[in-house]
Amino acid sequence: MTTPVCTSASTAVFPTFSSYVRARGPVLLRTARSLSANPNDAEDLLQTALAKTFVAWDRIEDHRALDGYVRRALINTRTSQWRKRKVEEFAVDELPEPDPLPAPDPAELQGMRDAMWRAVMRLPARQRAMVVLRYYEDLSEAQTAEVMEVSIGTVKSAVSRALAKLREDPELGMLWA
């Protein structure tokens, strides 16, 4: 409910613009915030609507309807902003393709594979077998445990220790450094 600014039309005592803004500013800001998701945009929206109201202040005959006038200015301003927004997507016939990544050097890839295999060969036989089954043969932990005739927990711990040794391998460390 709005409080009438002018109590009697016969006395024609109109408030000044600044006293109106001081008195009704918080209510109008809540209205602006309901129109905009961003609080900063809401403040800008209210400021623009109040500027439009200030320009028309002398032409407004019924100052008891100022809140409605400012709310309409808020809505019209927000609608204008929405209509003026830039469209940054354009329909095109061909999709732009990203630049392809340069293909890795085959000799470098082979060198990395050889270094990895030499590091795997330095692992103890049981750990090496589990790493080969898990990562080269792509078996699950359960399948690896079944093939090795051990528990799944044994596979997990042995593979974990093997990977820790591979991470510490000096030859592999130089490849990824």
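These are my notebook entries on helices, aromatic rings and a few single residues in this structure.

**Entry 1: the whole chain**

I began with the kind of model, and it is a predicted one. I then asked how many helices and strands the protein chain has. The protein chain has eight helices and zero strands. Reading from the N terminus, I noted the order α-α-α-α-α-α-α-α.

Next I looked up burial. Of the 177 residues in the protein chain, 26% are buried. I also checked how far apart in sequence the contacts reach. I took contacts between residues at least 6 apart in sequence, and 53% of them join residues at least 24 apart.

**Entry 2: α1 against α2**

I turned to the pair α1 and α2. Helix α1 covers residues 17-35, and helix α2 covers residues 39-55. What angle do α1 and α2 make when they pack? The angle is about 135°, and the axes are 9 Å apart. An angle of 65 to 115 would count as roughly perpendicular and one over 145 as roughly antiparallel, so α1 and α2 are oblique to each other. I logged their crossing as right-handed.

I listed who touches whom. On the α1 side the residues are F17, V21, G25, L28, L29, A32, R33 and L35. On the α2 side they are P39, A42, E43, L45, L46, L50, T53 and F54.

I also picked out D44, which has its place in helix α2. D44 has 44% relative accessibility, so I wrote it down as partly exposed. I took one distance from D44 to L29, which is 15 residues away along the chain. Their C-alpha atoms are separated by 9.9 Å.

**Entry 3: the aromatic rings**

I went on to the rings. A pair of aromatic rings is described by the distance of the centres and the angle of the planes. How many aromatic pairs are there? The count comes to four. I followed up two of them, starting with F17 and F54.

The rings of F17 and F54 are 5.1 Å apart, centre to centre. Their planes make 65°, and the pair is edge-to-face. F17 lies in helix α1 and F54 in helix α2, so this pair ties together parts that are 37 residues apart in sequence. Is each ring residue buried or exposed? F17 is at 18% relative accessibility, so F17 counts as buried. F54 is at 53%, so F54 counts as exposed.

Then I looked at Y20 and W57. This aromatic pair is tilted, with 45° between the planes and 6.0 Å centre to centre. Y20 sits in helix α1, while W57 is in the loop between α2 and α3, so this pair too ties together parts that are 37 residues apart in sequence. I found both Y20 and W57 buried. I closed the page with the group: F17, Y20, F54 and W57 form one aromatic cluster.

**Entry 4: α1 against α3**

I stayed with α1 and looked at α3, which covers residues 66-84. The axes of α1 and α3 come within 11 Å and cross at roughly 35°. Their crossing is right-handed. From α1, the contact is made by Y20, R24, L28, T31, A32 and L35. From α3, it is made by L66, D67, V70, R71, L74, I75 and R78.

**Entry 5: α5 against α7**

I moved further along the chain, to α5 at residues 125-136 and α7 at residues 152-168. These two helices pack at an angle of about 100°, with axes 9 Å apart. Angles of 65 to 115 degrees count as roughly perpendicular, so α5 and α7 are roughly perpendicular to each other. R126, Q127, M130, V131, R134 and Y135 of α5 make the contact. Their partners in α7 are T154, V155, A158, V159, R161, A162, L163 and K165.

I checked R134 and Y135 again. The charged end of R134 sits over the ring of Y135, 5.4 Å from the ring centre.

**Entry 6: two positive phi values**

Last, I looked at the backbone. Most residues other than glycine have a negative phi. Where does D138 have its place? D138 is in the loop between α5 and α6. Its phi is positive, near 60°. D138 is exposed, with a relative accessible area of 65%.

E149 also has a positive phi, near 60°. I found E149 in the loop between α6 and α7. E149 is at 73% relative accessibility, so I noted it as exposed.

Definitions and conventions: Residues numbered from 1 in each chain as written. Predicted model: local features only at pLDDT ≥ 70, side-chain atom pairs only at ≥ 80, totals over all residues. Heavy atoms only, no water. Phe/Tyr/Trp six-rings, centres within 6.5 Å; stacked < 30°, edge-to-face > 60°. Helix = DSSP H or I, 4+ residues; strand = E, 2+ residues; numbered from the N terminus. Buried < 20%, exposed > 50% of the residue type's maximum accessible area, 1.4 Å probe, protein only. Lys NZ or Arg CZ within 6 Å of the ring centre and 35° of its normal. Axes fitted to C-alpha atoms, helices over the stretch in contact; angles between N-to-C directions. Parallel < 35°, antiparallel > 145°, perpendicular 65-115°, else oblique. Left-handed = near helix turned anticlockwise from the far one by under 90°. Contact = heavy atoms within 4.5 Å.
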